[in-house]
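Welcome! Take a moment to look over the sequence and the 3D view, and then let us walk through the fold together.

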Amino acid sequence: MITRCFGGAILLCLAGCGGGGGGNESGGPTPGQIDGQIDGQEVSDPSLLPTTGRASYDGYMRAALPTGEDGARVEYLADLTLAVNFGAGFDQIRGQASGFEARDGVPLSGGLAITDGSIFRGTDSSAAYSFDADLDGTLSDGRASYTIDASMDGEFINQTQTAVRGLVFGDITGPAGQDIFDGTFAGTRIPE
């Protein structure tokens, strides 16, 4: 689990980046709308998170991937869906990131599965994130494939968990070998 002080710097750095697509493939809110709803909201107290029930979130993921010429980093924006089972004993957070598109409109096919998520009710929300999950899959630009082996660290927003946000980070393996990448994600709760 990453501490929030490290993650906050990355989150602020990438939060203002633009891009095409992401966050609206399924008719959900755009990244700007999501950010507008989350800005200024308090982080959920992990000790007060529900122990039963479910929640679904629709949002976006941004990631700077070394898919450009000579391994140059390209900023991608993707659609994000998360399903949270607050009462599960394991695999509490699942979902996917798909529809990766660069600012220049070049897409990556494939998607990333979000699995094995855990909620940490005993964490200090001022120092660490309250959930994590694995983020894995393969993306392709039509010429080359990129294997992602990564993680997500996140937090719920306000005491009714109306949103989520956090970081993504991990390894990417492509034609030039293995490299690292990072990014951010955010989403708003889908009304039941």
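## Two strands side by side

Ala83 has Arg94 of S3 as its opposite partner. A second facing pair is made by Leu80 and Ala97, the latter again in S3. Please keep in mind that this is a predicted model. The two strands to look for are S2, residues 74-85, and S3, residues 93-102; they run antiparallel and are joined by eight bridges. Strands of a sheet pair through backbone hydrogen bonds, either parallel or antiparallel.

Now move on to the next strand. S3 and S4 are also paired in the antiparallel sense, here over six bridges. Gly95 is found opposite Ile114 of S4. Together S3 and S4 make a hairpin, with four residues between them. In that turn sits Gly105, whose phi is positive, at about 90 degrees.

## Closing the barrel

How do the strands fit together as a whole? Eight strands close into a barrel, and their order is S1-S2-S3-S4-S5-S6-S7-S8. The pairing is antiparallel. On average, neighbouring strands of this sheet are turned by 25 degrees against each other, with direction ignored.

## The nonpolar cores

Which residues touch the most other members of the largest nonpolar core? They are Met61, Leu65, Leu82, Phe100, Met152, Phe156 and Phe185, out of 35 residues in that core. Each of the eight strands supplies at least two residues of this core: S1 (54-65), S2, S3, S4 (107-119), S5 (131-140), S6, S7 (163-174) and S8 (177-189). There is also a second, separate core of seven residues, and Ile38, Leu77, Ile157 and Ala186 are among them.

Phe156 is a good residue to click on. At 0% relative accessibility, Phe156 counts as buried. Leaving out residues up to four places away in sequence, Phe156 touches a long list of others, including Val43, Leu49, Tyr57, Val84, Ile119, Phe131, Gln161 and Val164.

## A cluster of rings

The count of aromatic pairs comes to four. In one of them, the ring centres of Phe131 and Phe156 are 5.0 Å apart and the planes stand at 50 degrees, so this pair is tilted. Phe131 is in strand S5 and Phe156 in strand S6, 25 residues apart, and the pair thus links distant parts of the chain.

Is Phe131 buried or exposed? Phe131 is buried, because its relative accessible area is 1%, and buried means under 20%. Phe131 also pairs with Phe185: their ring centres are 6.2 Å apart with planes at 50 degrees, so this pair is tilted too. Here the link spans 54 residues, from Phe131 in strand S5 to Phe185 in strand S8. Phe185 counts as buried at 1% relative accessibility. Ring pairs gather Tyr57, Phe86, Phe131, Phe156 and Phe185 into a cluster.

## Two neighbours in strand S6

Back in strand S6, have a look at Gly154. Gly154 is buried, with a relative accessible area of 0%. Which residues is Gly154 in contact with, leaving aside its neighbours within four places in sequence? They are Tyr129, Ser130, Phe131, Arg165, Gly166 and Phe185. The C-alpha atoms of Gly154 and Asp132 are separated by 6.1 Å, although these residues are 22 residues apart along the chain.

Glu155 lies in strand S6 as well, which covers residues 145-157. This residue counts as buried, at 1% relative accessibility. The side chain of Glu155 makes a polar contact of 2.8 Å with the side chain of Arg165.

## The loop after S6

Last stop: the loop between S6 and S7, where Asn158 is found. Asn158 has a phi near 55 degrees, a positive value in a residue other than glycine. With a relative accessible area of 13%, Asn158 is buried.

Gln161 lies in the loop between S6 and S7 too. Phi of Gln161 is near 50 degrees, again positive in a residue other than glycine. At 4% relative accessibility, Gln161 counts as buried, and Gln161 is one of the residues that Phe156 touches.

Technical notes:
Residues numbered from 1 in each chain as written. Predicted model: local features only at pLDDT ≥ 70, side-chain atom pairs only at ≥ 80, totals over all residues. Heavy atoms only, no water. Pairing = 2+ DSSP bridges. Axes fitted to C-alpha atoms, helices over the stretch in contact; angles between N-to-C directions. Buried < 20%, exposed > 50% of the residue type's maximum accessible area, 1.4 Å probe, protein only. Polar contact = N/O pair within 3.5 Å; in protein donor to acceptor, adjacent residues only side chain to side chain. Core = buried A, V, L, I, M, F, W, Y, C linked by side-chain atoms within 4.5 Å. Contact = heavy atoms within 4.5 Å. Phe/Tyr/Trp six-rings, centres within 6.5 Å; stacked < 30°, edge-to-face > 60°.
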